[in-house]
Amino acid sequence: MSNPNANSDTTLRHSDDYLRFKRYAAITFVVAAPVLIALPPRKLDLYTISLASAFLFSANHVVADQTGRSIMERLDARFGGRKGPGMFSDLPTSRAEEVSQQIRLAREAARQPELQRQRAQQGGEQDKGGLTDLGKKVWMGGETEGWRERRMEEERKALEEGKGYGDLIMDHIRDAIGMEKDGSDQSSTEKNGKP
């Protein structure tokens, strides 16, 4: 008959060997799987998906072996463990949550007059388009009302003269950066006083 202590020692040794094998295999897959995925041919097929899943399972095992909690347990504790209105609350009791909510409501009530004053100021600054005066100046630049009609008229005249759309675009660019048609800079000619 076999000795029960020898049988348990053998079982314990096999169990330790198995755990050590799993650990080394997981570390090997964590390193080797991305390397094998990066080697040519780089394509998304069953081989690549199996290497990616081996990497994920191995990384999960290594994290669980090092910290005692796997990645899935961490995610479950963070997002799925708590339910209800206090899901993101770190307060220990429901009474603490009630007190916190009362404090929050008191702060909001104290800020209410200031918010109403700010809304009134913003309402006064906005005109019918919804833009403030500064916003309208920035958006419109130096253009006045009816700019679209003027641009369409300029475009029609230029096309009648035989210019193409490329010439029109270059004219608009020259106008935007302040260059004359001959290519010289307007600001330098204005400084020198010579045209």
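## Confidence first

pLDDT is the predictor's confidence in each residue, from 0 to 100. That score matters here, since what you're looking at is a predicted model. Across the chain the mean pLDDT is 79, with 78% of the residues at 70 or more.

Where does confidence run lowest and highest in the chain? The low end is helix H8 (residues 186-192), with a mean of just 48. The high end is helix H2 (residues 46-67), which comes in at 94.

## Overall layout

How many helices and strands does the chain have? Eight helices and zero strands, so the pattern along the sequence reads α-α-α-α-α-α-α-α, with helices taken as DSSP runs of at least four residues.

Of the 195 residues in the chain, 7% are buried. As for contacts, take the ones between residues at least 6 apart in sequence: 23% of those join residues at least 24 apart.

## The annotated span

UniProt, in an unreviewed entry, puts a "transmembrane region" at residues 21-40. In the model, that span is 90% helix and 0% strand. From one end to the other, its C-alpha atoms sit 29 Å apart.

## H2 against H3

Two packed helices are described by the angle between their axes and the distance between the axes. For H2 and helix H3 (residues 71-80), the axes come within 8 Å and cross at roughly 80 degrees. That makes H2 roughly perpendicular to H3, because angles from 65 to 115 degrees count that way.

Which residues meet where H2 touches H3? On the H2 side they are Ala59, Asn60, Val63 and Thr67, and on the H3 side Ile71, Met72 and Arg74. Sorted by type, the residues of this contact split into four nonpolar, two polar and one charged.

## Two residues in H2

Ser58 and Gln66 make a handy pair to click on. Ser58 lies in helix H2. Is Ser58 buried or exposed? With a relative accessible area of 7%, Ser58 counts as buried, because the cut-off is under 20%. Leaving aside residues up to four places away in sequence, Ser58 touches Ala26, Phe29 and Val30. Those three partners fall in the 21-40 stretch that UniProt labels as a transmembrane region.

Gln66 also has its place in helix H2. Its relative accessible area is 52%, so Gln66 is exposed, the cut-off being over 50%. Gln66 and Arg23 are 43 residues apart along the chain, and their C-alpha atoms are separated by 10.0 Å.

Terms used
Residues are numbered from 1 along each chain as its sequence is written. This is a predicted model: local features need pLDDT of at least 70, side-chain atom pairs count only at pLDDT 80 or more; totals for chains, interfaces and linings use all residues. Side-chain values use heavy atoms; hydrogens and water are left out. UniProt positions are given in the numbering used here, feature names are shortened, and annotations may be inferred rather than shown by experiment. Axes are lines fitted to C-alpha atoms, for helices over the stretch in contact, and angles run from 0 to 180 degrees between N-to-C directions. Angles under 35 degrees count as roughly parallel, over 145 as roughly antiparallel, 65 to 115 as roughly perpendicular and the rest as oblique. Contact means heavy atoms within 4.5 Å. Ala, Val, Leu, Ile, Met, Phe, Trp, Tyr, Cys and Pro count as nonpolar, Asp, Glu, Lys and Arg as charged, and the others, Gly among them, as polar. Buried means under 20% relative accessible area, exposed over 50%, partly exposed in between (1.4 Å probe, protein chains only).
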